[in-house]
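This briefing gathers computed geometric features of a single protein chain, arranged by topic for a reader who has the coordinates at hand. Please read it alongside the structure shown here.

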Amino acid sequence: MNKRLKWATGIVLVGIIALYAAWVLLPMPGDNCVITVSATFRVSSESDGYIWKTIKPVQEAQWASGSHEAPYTRAVFKEGEMIRSTGYGVHELEGAFSWREIKEIWPDAPIDQDWAFGVGLFNTRFEGNYRMYLNVQADAETGSATADFYVFYQGFANPYMVRWEGKIGEKIVLSFDY
């Protein structure tokens, strides 16, 4: 092979690798929604009174979009964030917090499986960029928990919000029309 052909082949291969990396690592233009999820536990500490420990959801989750009959597809959280595509219609997310991580924070937690959560947006009527937050707070002393789901839409000053209240280990279910 002559030198010119080797350089051309190398440039083409580098270009293909760069395009593949961009396709895998960067969100696609239709990915207009960032969902951030975390759970914070209030646990007692002998030396500090109370301390707060935060965990992120397990990486694997399920996402359905478009209609009530849409099948769930695999979705992934990276450091508690997920980027998805939303538009008109129904959008649902199913995920969980690891019971092992919860037990590390609170060894006596009344939980023996992952702590599931589900959020749903029904009748979504806006095309544009969304920022969504699911903030879960749990009290190790009382076993009570709350979850707040906020949806910020580009151009609107106030978020839509819905709250869940229950016990640690009960499935967190939040949904509303948007």
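V162 counts as buried because its relative accessible area is 19%, which falls under the 20% limit for that class. The residue belongs to strand β10, which spans residues 160-167. The model discussed here is predicted, and every value below is computed from it.

**Surroundings of V162**

- Leaving aside residues up to four places away in sequence, V162 is in contact with A147, D148 and F149, and also with L174, S175 and F176.
- One of these contacts, D148, is 14 residues from V162 along the chain, and the C-alpha atoms of the two are separated by 5.9 Å.

**Overall make-up of the chain**

- Two helices and eleven strands are found in the chain, and read from the N terminus the elements follow the order α-β-β-β-β-β-β-α-β-β-β-β-β.
- The chain has 178 residues, of which 40% are buried.
- Among contacts with a separation of 6 or more, 55% are between residues 24 or more positions apart.
- The exposed area of the chain is about 10800 Å², with carbon and sulfur atoms supplying 55% of that area.

**Strand β1 and its partners**

- Strand β1, residues 33-45, pairs with β2 in the antiparallel sense, and seven bridges link the two strands.
- These two strands, β1 and β2, form a hairpin in which three residues lie between them, and one bridge of the pairing sets A39 against I55 in β2.
- β1 also runs antiparallel to β5, to which four bridges join it, and here V34 stands opposite I83.
- With strand β8, residues 130-139, the pairing of β1 is instead parallel and extends over ten bridges, and within it T36 is placed opposite Y133.
- Most of β1 is covered, since eleven of its 13 residues are classed as buried.

**The loop residue P57**

- P57 sits in the loop that connects β2 (49-55) with β3 (60-65).
- Although P57 is a loop residue, it is buried, because its relative accessible area is 9% and the class takes in values under 20%.
- Not counting residues up to four places away in sequence, the contacts of P57 are V37, F77, G80, A96, F97 and F117.
- The C-alpha atoms of P57 and K78 are separated by 9.1 Å, and the two residues are 21 residues apart along the chain.

**The loop residue E79**

- E79 is located in the loop between β4 (73-76) and β5 (81-84).
- The phi angle of E79 is near 55 degrees, a positive value in a residue that is not glycine.
- As a general background to this point, most residues other than glycine have a negative phi.
- E79 is exposed, because its relative accessible area of 70% is over the 50% limit that defines this class.

**The cavity**

- The structure contains one cavity of 30 Å³ or more, and about 40 Å³ of space lies in the largest cavity.
- Two elements, β6 (89-97) and β7 (115-124), each give two or more residues to the lining of the largest cavity.
- The residues lining the largest cavity are I35, W63, H91, E92, L93, V119, G120, L121, M132 and F149.
- Sorted by class, this lining consists of seven nonpolar, two polar and one charged residues.
- F149 is therefore shared between two of the topics in this briefing, being one of the lining residues of the largest cavity and also one of the contacts of V162, a residue that is buried.

How values were computed:
Residues numbered from 1 in each chain as written. Predicted model: local features only at pLDDT ≥ 70, side-chain atom pairs only at ≥ 80, totals over all residues. Heavy atoms only, no water. Buried < 20%, exposed > 50% of the residue type's maximum accessible area, 1.4 Å probe, protein only. Contact = heavy atoms within 4.5 Å. Areas by Shrake-Rupley, 256 points an atom, 1.4 Å probe, with all protein chains shown as cover. 1 Å grid on protein atoms, 1.4 Å probe; cavity = no way out; pocket = protein on both sides within 12 Å on 5 of 7 lines; lining within 4 Å. Points joined across faces, edges and corners; volume = space filled by probe spheres on them. Nonpolar A, V, L, I, M, F, W, Y, C, P; charged D, E, K, R; others polar. Pairing = 2+ DSSP bridges.
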